[in-house]
Amino acid sequence: MEREAIEHLERGNKCLNNGEYELAISDYQQALAVKPDSSEALMAYGATLVQLGRLDDALKQFKKLTALNPTLSEGYNNLGCVYFQKGHLERAEENLKRAVEIDSQNLEAKRNLADLYSVTSSDQQSNLEELREEAIGHI
């Protein structure tokens, strides 16, 4: 049973590397049918769903992953990235911070958190400029 899950995971990874996303998804689903608690299959399945723009489906997989393995920094990083893509910046920040708390050496999570802060800082600067223009217009 374990071997079957590994075979599906490996086949899915090959399909993913070849850009055959739908075939990869099928293999990841089969791996999860055999071994529903496979962190590797959940991670790969979620990442493939992101590649296809299926962010809500990817969120479900990454939520399952973090529930099954709450000490896996990469799960929170991926969850944060999907929230970021969906524009849920507070949730993105929460999950990216959690990824860094779990693994302070997770440079990808740190970079993603920095990207998030650069966007929110930029948005704050833009909002500040709009408020200044409005205030000047009323003087």
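This passage describes the helices, the nonpolar core and selected side-chain contacts of a predicted model. Residues are numbered from 1 along each chain as its sequence is written, and side-chain values use heavy atoms, with hydrogens and water left out. Because the model is predicted, local features need pLDDT of at least 70 and side-chain atom pairs count only at pLDDT 80 or more, while totals for chains, interfaces and linings use all residues.

The largest nonpolar core has 26 residues, where such a core is a set of buried Ala, Val, Leu, Ile, Met, Phe, Trp, Tyr and Cys residues joined through side-chain atoms within 4.5 Å. Buried here means under 20% relative accessible area, with exposed over 50% and partly exposed in between, for a 1.4 Å probe and protein chains only. The residues with the most contacts inside this core are Tyr28, Tyr45, Phe62, Leu65 and Val82. At least two core residues are supplied by each of the helices H1 (2-17), H2 (21-34), H3 (39-51), H4 (55-68), H5 (73-86), H6 (89-102) and H7 (107-137); helices (H or I, at least four residues) are DSSP runs numbered from the N terminus. The largest share, six residues, comes from H3. When neighbours within four places in sequence are left aside, Val82 is in contact (heavy atoms within 4.5 Å) with Val50, Leu55, Ala58, Leu59 and Phe62.

Helix H3 has 13 residues and reaches 18 Å from its first C-alpha to its last, close to the 18 Å expected at 1.5 Å a residue, the expected span being 1.5 Å times one less than the number of residues. Its buried residues are Ser39, Ala41, Leu42, Met43, Ala44, Tyr45, Gly46, Thr48 and Leu49, and these pack against H1, H2, H4 and H5. Just after H3, Gly53 takes a positive phi of about 80°.

Polar residues are also found in buried positions. His8, in helix H1, counts as buried because its relative accessibility is 7%. Its side chain makes polar contacts with the side chains of Asp27, at 3.2 Å, and Gln30, at 3.3 Å; a polar contact is a pair of N or O atoms within 3.5 Å, of which, within protein, one must be able to donate a hydrogen and the other to accept it, and residues adjacent in sequence count only if both atoms are side-chain atoms. Asn112, in helix H7, likewise counts as buried, at 11% relative accessibility, and Asn112 touches Asn77, Cys81 and Leu96, not counting residues up to four places away in sequence.
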